[in-house]
Amino acid sequence: MVIRQIEDVLCRETGPKPMEGADPASIAPFLRATVSSAFGLRPDALGASGRGRADVAFARQTAMYLAHTRLQLSYVDVGRLFDRDRTTARHACRQVEERREDPRIDSILDCLERAIDIRGRPSATSGGNE
């Protein structure tokens, strides 16, 4: 059920396959829409400055984790997507990995990973020169 809701939000808010050949900056709306939907938050909450509430911070960490692990962005690029430092992106990935031991968190992450896989990944060969 969660995956269907995520797919509906993706199609409504980001259009078809937003990551094919996309630069990292164009991926941010896709990640925010996907992750915020799964956590019951507004997409703009993930881009807010400062740490914020614990639930918002973890949702942002999850988006950073997915950007690094599923979209294969560097910590530097992940940090830029969320106006954070690369060390913050690395910390976010560690935090999410540690919380994956919780079956509920792991289930949410599995759904989010599938949603990202359905939508595609940035093209490794596109450099914008086409």
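Where does G47 lie? In this predicted model, G47 sits in the loop between α2 (24-39) and α3. With a relative accessibility of 30%, G47 counts as partly exposed, because that value falls between the 20% and 50% cut-offs. G47 also has a partner worth looking up in the 3D view: R60 is 13 residues away in sequence, and the two C-alpha atoms are 7.8 Å apart in space.

Stepping back to the overall layout, the protein chain has six helices and zero strands. Read from the N terminus, the order of elements is simply α-α-α-α-α-α. Of the 130 residues in the protein chain, 42% count as buried. Contacts across the sequence show up too: take the contacts in the protein chain with a separation of 6 or more, and 63% of them come from residues 24 or more positions apart.

Back to R60, which is a bit of a puzzle. R60 is found in helix α3. This residue is buried and yet has no salt bridge. The nearest side chain of opposite charge belongs to D83, and it is 8.9 Å away. Since a salt bridge needs a side-chain nitrogen of Lys or Arg within 4 Å of a carboxyl oxygen of Asp or Glu, that distance does not qualify. What does R60 touch, then, leaving aside residues up to four places away in sequence? The contacts are A45, L46, A48, G50, R51, F82 and R84.

D83 has a story of its own. It is placed in the loop between α4 and α5 (86-99), and at 65% relative accessibility D83 counts as exposed. The phi angle of D83 is near 50°, a positive value in a residue other than glycine. That stands out because most residues other than glycine have a negative phi. Q72 shows a positive phi as well, near 60°, and it is not a glycine either. Q72 lies in the loop between α3 (54-69) and α4 (75-81), where it is exposed, with a relative accessible area of 61%.

Helix α3 also takes part in an aromatic pair. The structure holds one such pair, formed by F39 and F58 in an edge-to-face arrangement, with 5.8 Å centre to centre and 75° between the planes. F39 lies in helix α2 and F58 in helix α3, so the pair ties together parts that are 19 residues apart in sequence. How exposed is each ring's residue? F39 is partly exposed, with a relative accessible area of 23%, whereas F58 counts as buried at 5% relative accessibility.

Finally, there is helix α6, which covers residues 103-119. How far apart should the ends of its 17 residues be? At 1.5 Å a residue the expected span is 24 Å, and the end C-alpha atoms are indeed 24 Å apart, which agrees. D102 caps the N-terminal end of α6, with a side-chain oxygen 2.9 Å from the backbone nitrogen of R104. Further along, the buried residues of α6 are I105, L109, C111, L112, E113, A115, I116 and R119. Some background helps when reading that list: an α-helix has 3.6 residues a turn, so residues three or four places apart point the same way. Among the buried residues of α6 are I105, L109, L112 and I116.

Definitions and conventions
Residues are numbered from 1 along each chain as its sequence is written. This is a predicted model: local features need pLDDT of at least 70, side-chain atom pairs count only at pLDDT 80 or more; totals for chains, interfaces and linings use all residues. Side-chain values use heavy atoms; hydrogens and water are left out. Helices (H or I, at least four residues) and strands (E, at least two) are DSSP runs, numbered from the N terminus. Buried means under 20% relative accessible area, exposed over 50%, partly exposed in between (1.4 Å probe, protein chains only). Lys and Arg count as positive and Asp and Glu as negative; His and the chain ends are not counted. Contact means heavy atoms within 4.5 Å. The expected span of a helix is 1.5 Å times one less than its number of residues. A polar contact is a pair of N or O atoms within 3.5 Å; within protein, one must be able to donate a hydrogen and the other to accept it, and residues adjacent in sequence count only if both atoms are side-chain atoms. Rings of Phe, Tyr and Trp (its six-membered ring) pair if their centres lie within 6.5 Å; planes under 30 degrees apart count as stacked, over 60 as edge-to-face and the rest as tilted.
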